[in-house]
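User: I would like to go through this structure with you. Let us take it question by question.

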Amino acid sequence: MSQTDSNYFVGAATIAAKLDYATKVAHQLSLTASNARALTLRAGQSAAGFRPLTDAIHRLSDITVSSSKKINAIAAQLSRMSVEKYRADSAIRYFDAVYEKSKDCRNISSLDTVYKRTQEQQKLLMIDYQQRIQQLSQELEAVEGELRSAVVLKTLCHVEASQAGEQYKDALDNVAENVERISGTIKEQIVFSRQQVATLQ
Amino acid sequence: MKTETLYENGDHKWMVFGRDNDKPDLIIDTNQYMVVSENNALLMDPGGIELFSAMLSAVIKEVPAQKITHLFASHQDPDIISSLGLWDLALTNATLHSPWLWEGFLRHFGMQNIEFDGIPDTGARLQLDGVTLEFIPAHYLHSSGNFNVYDPKAKILMSGDIGAALEPDNSPMFVDDFEEHVQKMKMFHQRWMPSNKAKNDWVRRVRRLDIDMMCPQHGRIFKGDDVGKFLDWFESIEVGLTNK
């Protein structure tokens, strides 16, 4: 993040917004998992092979919801921090202009304390900001890894759906499609966010 | 940014800052005021973000930054106080005096270090070493929470938007022809001031004060007889919503 680049806080806010959306979508996955469980209970023996898969969908949904919440919180902090840093950066620019304009002013040194204080604040914010970026990258990478299992899960769901009775086949296929669609939407937000995070570093 | 001393008596001083040549076009020209006492200084209506560097440069030519221990915002407008977030980083030990009504709004400009002292509707006093300043209620002129600052010793009234005029940026600092000046004030007062009742009540109260100089936030300063002429003129006009 360059000290003069004022777009970083917009980037951080965009990531926060994308991940907020991802969190909301992750809740749909949780709903899909519950529906799948109810469906397999109704289907009984004819969908016996599907039951362990509902546990996997639940696990994926829990991980995605909790990770999305965590990531979203980091992104929101990052966004707030970026604005704070932007304010400190602006103040430094204004102070620099004052130093330039008032070189010969007898009281110019009276600004030294606040200049130093703002610089230190800027430095601390920068360190904290970089740490958050790193944390965000790691979390995004982890959840993206988890979402890879959605493709396998979808295939297995289709296989089990084909073996279930005709009455439940379409509904179980629908669960498989939902798992893929929702995971795909979350993944899109994650991939976009990872790309954005790279530009903030 | 031009600086003029309006009053000086020992450690007690009034200054005006304004007519900034480097001010970006299309933002309204503003007057900023400062009262200096032995160990403290009060900056009144310190202005918008765009003026911050010019203002800080002008102010520290007069006093060290640490001496500015008090800020005053007559009301919440951006040309009055949108620089607050920057003063918040520039000052080490300062209190902002402003109508209590606006605290939650003013904090949107950023205020983590500066303390807030809400002025009650009925007004208050501020002691700056040996200088006593009075916050005079001027509600609905134009803001619904609004104060002037009166210094009985210097006989100066900082009147905020009351007495403001819209004219070119490089205009003189003092009114030299009152009749001509009226034309530059008329629209400002009739459009921005909402209440005849509030206006007439203010005129009645301010007539009781001993004033040598009336200092608005825009336009020119009134001196001597022009202060009384302004009060007569202001009392005579209709402002805001009328029955007409």
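User: Which residues of α1(B) are buried?
Analyst: This is a predicted model. Buried here means under 20% relative accessible area. In α1(B), the residues that meet this are F52(B), S53(B), A54(B), M55(B), L56(B), S57(B), A58(B), V59(B) and I60(B).

User: Why is α1(B) said to be largely enclosed by the rest of the structure?
Analyst: The helix α1(B) has eleven residues. It is largely enclosed because the buried ones number nine of the eleven.

User: Which element gives the largest share of the side of chain B that touches chain A?
Analyst: The contact takes 24 residues from chain B and 21 residues from chain A. On the chain B side, two or more residues come from each of α1 (52-62) and α3 (84-90). The largest share is eight residues, and its source is α1(B).

User: How do the residues on that side of chain B divide by type?
Analyst: Three classes are counted on the side that touches chain A. The division is 13 nonpolar, eight polar and three charged.

User: How much of what its side buries do S53(B), I60(B) and L89(B) account for together?
Analyst: Between chain B and chain A, the buried area is about 1800 Å². Carbon and sulfur atoms give 56% of that area. In chain B, S53(B), I60(B) and L89(B) lose the most area to chain A, and their joint part of what that side buries is 33%.

User: Which side chains form the salt bridge across the interface?
Analyst: Ten residue pairs are in polar contact between chain B and chain A. The rule finds one salt bridge across this interface. Its N to O distance is 3.1 Å, within the 4 Å cut-off. The partners are R87(A) and D88(B).

User: Is I136(B) buried or exposed?
Analyst: I136(B) lies in strand β9 of chain B, residues 131-137. Beyond four places away in sequence, I136(B) touches N146(B), F147(B), N148(B), Y150(B), L157(B), R205(B) and L209(B). Its relative accessible area is 10%, which is under the 20% limit, so I136(B) is buried.

User: How far apart in space are I136(B) and S53(B)?
Analyst: In sequence, 83 residues separate I136(B) and S53(B). In space, C-alpha to C-alpha, the distance is 29 Å.

User: What ipTM does the model score?
Analyst: For chain B, the mean pLDDT is 95. In that chain, 99% of residues reach 70 or more. For the model, pTM is 0.79 and ipTM is 0.75.

How values were computed
Residues numbered from 1 in each chain as written. Chains lettered and ligands numbered in written order. Predicted model: local features only at pLDDT ≥ 70, side-chain atom pairs only at ≥ 80, totals over all residues. Heavy atoms only, no water. Helix = DSSP H or I, 4+ residues; strand = E, 2+ residues; numbered from the N terminus. Buried < 20%, exposed > 50% of the residue type's maximum accessible area, 1.4 Å probe, protein only. Contact = heavy atoms within 4.5 Å. Buried area = accessible area lost by both parts, 1.4 Å probe. Polar contact = N/O pair within 3.5 Å; in protein donor to acceptor, adjacent residues only side chain to side chain. Nonpolar A, V, L, I, M, F, W, Y, C, P; charged D, E, K, R; others polar. pLDDT = per-residue confidence, 0-100.
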